[in-house]
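Trainee: I have a structure to go through, and I would like to test the words we use for it. Can we take them one by one?

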Amino acid sequence: MPLLGRDEDLRAARAALTNRSAALLSGPAGIGLTTLAAELAAQAAADGWTVLRCEPVEEERELPFVGLGDLLYCLPAGQLDTLLNGLAEAPREALRAALLLGRRPEAPVDQLALRVGVLELLREVAGSARVLVLLDGVHWLDTPTAEALRFALRRAVGERLRVLATAREGERPTGWPGGAELTVGGLAATALAELVARSGPLPGWVPSSVPSSVPSSVPSSVPSSVPGSAHGSVFSAGLRDVQRVAGGNPRVAVELARAGFRWGPTGPRQVPPGVRETVRDRLAGYAAGERTSLLLAAVAARPSVRELDAALGGGAAALLDRALRAGVLEAGRGELRFREPLVRAVLLAEASPVELLAAGEALSRVAADPAEQARLAVLGGATGAELGAELLAGAARAGARGRDEEAYELATIALLAVRQEADGHGREAALPTLMAAAEYAAAVGRWEEARALAAQALADGGSGRLRTRARVVILRAAGQALAGYESLLAEDRALSAWSAARHLFAGRLAHAHAEADHAVATATATAAGTLEARTVAEARTLPAARTAPETCATSAARRACTVLAAARLALGEPAAARELLDRAGAARTVSPDWLLLMDLATGCQEPRTSHPEPPSCSPTPPNPGPSLPALILSTFAHGHSGDGPAALAESHRLAELLAARGEPLAGAWATPTHLPALMATALAELTGGSAERAREFALRAAAGWGAVAARWLRARALAVAGEAALLLGEAVTTATGVEDLQEVRRLAEESGAADPDTVRALALLAEGLVGLGEHAAAAEVLRQAARITGRWQAPDLAAAPAARTALQRAQGLAQGGLGNGREAVALLHSAADQQRADHLPLELARTLIALGSVERRLRHRPGARAALQEARELCAARGAQPLLARTERELDRLDQAIAVPGADGALLTASEQCVAGLAADGATNREVAAALFVSVKTVEGTLSRVYRKLGVRSRAALARALTTYS
């Protein structure tokens, strides 16, 4: 089974071994150094290397030459004897004495002779086969072995002998001869999740129960497991707790998961003994006062030296000095934090109730933050509505600063504070806190917990608005397909955003757009959930159009204007929103959502029911600054409408906002916030930035959606990654893009997806398959896409112009690949005309690039040049850099010189140039014959003459020759 998440580490280690001949891998205990080294050794052995392995342990460190014996006994007994006998007498006898192969010497072993013997022996082994010396745990080598190996390896390392060593972080191995030193970090979240899923049954994690009084419209389960596990499901909330504490350490993660580890509102639970022992060993030498100061730091939410000094009555700096120097604690921005959350978890788990209570009381006396005072009071056993209100206020402040995990913890502790009191005065008193805890749980991706809390809120009653919020949380936790949730959606008209998603997934596009229109109006009219509902509704329905909003001649363009207006309004830019709405309103009979948005854009408070003259209200932004959901929506909207510079600008604002919140997109961990932001950024890069970066962001989003079993969203991310790979235009990247899009196809088949993005992804897949010459497979994909569109109604077809014309483009390329040039050109011209009418600039550019490629293969150079020049103008006007680069490459191929001299100095004839050009472009003999209206035998004879004139023997050589001569 391949290593999970270690591809970069393996590449770096192999490069170090190749370039420096020696590599030292270091990292904390449990990070996987032995597994990584074993994989590298196995690869070397498979390549014919002799692997000499030594795995010293701490208990044997005092035994002289035990490491050297382990290393040399990897050789067959006969070979070792032969090698020893070939040495000079002094080195031979010294080595035999060290390895206990002869009588115990009366005098100490001659160290110089021994080291020379090890050196000569290693050189002799390397003379017959390349050698990899593996020192797994080099810091535990016994001293005599370490000194002998350092002497020998420093002189023997080279092309035929390489050294790979591992060492614990912070250790200084004496046996290391020098070379490249690589630090192995933690596994990424998705790899860690898969590792935990593979580790076996996890009895400590069971899904939260749903109250029996919940309406029947709420299904009894939610898909929150990690896919791909052969041993059972992994409860997502428990997985997040493990990821948070393990810090990417595989061994720690597996131990925590098997123990059923959880971090609840009152602290960590089920911390396994092995993990506790590891931390205890690290802190064994700490004095009582130092341990007390560390416990105070663990109990405090955001500890500082000043706060701990006050709680201790002075001397905190001295007591914390050792922990800071050892890297147990880190200081920054006036706060202290544990470098490894695992240490904090163990300190809290090991402390007695009396110690925890004393620490909480000491901190509460000096805490300046009212929410922190309330938190410590509740953890000490206090309850009450006032404490709950203070904690919720603190949660709101934390959420506004982007500290979602902190907000979730404060909300769950607030629920503890109010529940006991509410049980005596009716459950409805706790409903606002219960609902807030559910929403904060959803914000950090704890879907099962969020769903259970929201279901409890539904069961306990409450106002209609609160019940709508509860249903929203349940639907968010349900994922994307919403199968089985029809009755829940029917209960509440305010759930139009999710109803739109359900219709879109099933291919009912007209219904989806109607529901999305209602969602925009409803979300704009309400204070809570505005941006999120807009994001869900519009980011899922806008891709069906992919139209430019400059002109509002079509319903799709008017939709784009309205969506962009909603985004500008949510970002606090009413003037820009009004300009877009004016553009949309001038071209159609306005609808309620347009009127409501215009009211807010102009500052009016009362919604209108008719369309009078624009009022003279002064604009008042509804939000003082940029909002994350609004930026995500705006980036999506500009990307789908084909405005490259605007999409990139919004994605940069999005990245800056995330960085300010302490969640940079470049981070290794993909939070729930990151996933839609990664998707929006990928789309912006695909539209106006770099295809390579678009693919990178999209693959990260796909991995994140895969980790939470969001198949539809994962498919969308993979579709962007595949499209980016196809745009790069190389054979290798095309094959990679086809693999991504094949996975999209598989996911669509599993889920029954029939939305426009699925059809468009299938069309792209067909294009890629044609480029690889797999015409039968491309035809099957096109038939599958046609079956989906065949189920759409007439209004649905009108609502998805991008998908329809992309499918027609793929059909044209497929015909061209089969040699049906006239049919291909006709289909591509038809698709281009429709895209011009529907104002789909980037889709039109893609079609023109395809048309230019087909015309070039047919040797119709004027037609090819006209199509490609129009595509270049479109891409330049829209700032579509990836498409522009693809267009330039096609023009470069078109501009190759026509006259090609042969090897004998004779020019190729015009017919020979036509046949040679098509064959070099990858066409088969049959395709060339069909394109030029000649027989296959004529093509074969012409190619024979071309090969002879150019002095080549294959199509690959032909392509190189034509490129060279041109």
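Mentor: We start with confidence, then turn to one helix pair. This is a predicted model.

Trainee: What makes residues 206–235 a low-confidence stretch?

Mentor: pLDDT is the predictor's confidence, on a scale from 0 to 100. Over residues 206–235 it stays under 50. Residues 524–545 also stay under 50. For the protein, the mean pLDDT is 78, and 74% of residues reach 70 or more.

Trainee: How many contacts does the model have for those two stretches beyond four places in sequence?

Mentor: Residues 206–235 have 76 such contacts. Residues 524–545 have 75.

Trainee: Why are H36 and H39 called roughly parallel?

Mentor: H36 covers residues 756–771 and H39 covers residues 801–817. They pack at about 15°, with axes 9 Å apart. Angles under 35 degrees count as roughly parallel. H36 and H39 are therefore roughly parallel to each other.

Trainee: What is the handedness of the crossing where H36 passes H39?

Mentor: The crossing is left-handed.

Trainee: Which residues meet there?

Mentor: H36 brings residues including Val 759, Ala 763 and Val 770. Among those in H39 are Ala 806, Leu 813 and Gly 817. The contact divides into eleven nonpolar residues, one polar and three charged. Gly 817 is in that contact, and Gly counts as polar.

Trainee: How much of the whole protein is called buried?

Mentor: The share is 54% of the 966 residues. Buried means under 20% relative accessible area. The protein has 47 helices and nine strands.

Note on methods. Residues numbered from 1 in each chain as written. Predicted model: local features only at pLDDT ≥ 70, side-chain atom pairs only at ≥ 80, totals over all residues. Heavy atoms only, no water. Contact = heavy atoms within 4.5 Å. Axes fitted to C-alpha atoms, helices over the stretch in contact; angles between N-to-C directions. Helix = DSSP H or I, 4+ residues; strand = E, 2+ residues; numbered from the N terminus. Parallel < 35°, antiparallel > 145°, perpendicular 65-115°, else oblique. Left-handed = near helix turned anticlockwise from the far one by under 90°. Buried < 20%, exposed > 50% of the residue type's maximum accessible area, 1.4 Å probe, protein only.
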